[in-house]
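Me: I would like to go through this structure step by step, with the reasoning spelled out for each answer.

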Amino acid sequence: MTRAAVFAPIVLLALSSLLMNLAWYGHLKAPHRALWVAVLLSWGVAFFEYMLAVPANRIGAQSYSLAELKTIAEICSLIGFVIVAWALFGIRPGLNQAIGFMLIAAGAVFVFRGPFPS
């Protein structure tokens, strides 16, 4: 297992998640645009997101289980969402969201710490 196989998937999934959150929510900054324009622009962004996500998972499969890769992707997605919501819309997570995100992160600990003894 190389260092690249350990760290590259995390970096690629983080960048991928930023792009995907931008594709999902960025069009909300221009609600006056036609829906078809928003869809095409989102697809364009998603193309580049896939250019990061697919290699991330291919490389990551050398070091992580599928459940671990999915968990990394979900944590990156939440962080990417917070960044996009804050940067584009000025929305900071409130206490309820912070607690919810922490509970999700706690779930990630179980994925990486298992299996537990019977």
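Me: In what order do the elements of the protein run from the N terminus on?
Reply: This is a predicted model, in which local features need pLDDT of at least 70 and side-chain atom pairs count only at pLDDT 80 or more, while totals for chains, interfaces and linings use all residues. Residues are numbered from 1 along each chain as its sequence is written, and side-chain values use heavy atoms, with hydrogens and water left out. Helices (H or I, at least four residues) and strands (E, at least two) are DSSP runs numbered from the N terminus. The protein has 4 helices and 0 strands, and the order of its elements is α-α-α-α.

Me: Which element gives the most residues to the largest nonpolar core?
Reply: A nonpolar core is a set of buried Ala, Val, Leu, Ile, Met, Phe, Trp, Tyr and Cys residues joined through side-chain atoms within 4.5 Å, where buried means under 20% relative accessible area, exposed over 50%, and partly exposed in between (1.4 Å probe, protein chains only). The largest one has 9 residues, namely Leu-12, Leu-13, Leu-52, Ala-56, Tyr-64, Leu-69, Ile-72, Ala-73 and Cys-76. Two or more of these residues come from each of H1, helix H2 (35-60) and H3, and the top contributor, with 4 residues, is H3.

Me: Which residues does Cys-76 contact, leaving aside its neighbours within four places in sequence?
Reply: Contact here means heavy atoms within 4.5 Å. Cys-76 is itself a member of the largest nonpolar core, and, with those neighbours set aside, its partners are Ile-10, Leu-13, Ala-14 and Ser-17.

Me: How far apart are Glu-74 and Lys-70, N to O, in their salt bridge?
Reply: Side chains of opposite charge can pair when their charged atoms come close. A salt bridge is counted when a side-chain nitrogen of Lys or Arg lies within 4 Å of a carboxyl oxygen of Asp or Glu, and by this rule the count is 1. Because Glu-74 and Lys-70 are 4 residues apart in helix H3, about one helical turn separates them. Their side chains meet with an N to O distance of 2.7 Å.

Me: Is Ile-79 buried, exposed or partly exposed?
Reply: Ile-79 is found in helix H3 and joins Val-11, Leu-15, Leu-18 and Ile-83 in making a nonpolar surface patch of about 410 Å². The elements giving two or more residues to this patch are helix H1 (3-25) and helix H3 (66-89). Because its relative accessibility is 48%, Ile-79 counts as partly exposed.

Technical notes:
Patch = residues over 30% accessible without salt bridge, like charges linked within 9 Å, V, L, I, M, F, W, Y side chains within 5 Å. Areas by Shrake-Rupley, 256 points an atom, 1.4 Å probe, with all protein chains shown as cover.
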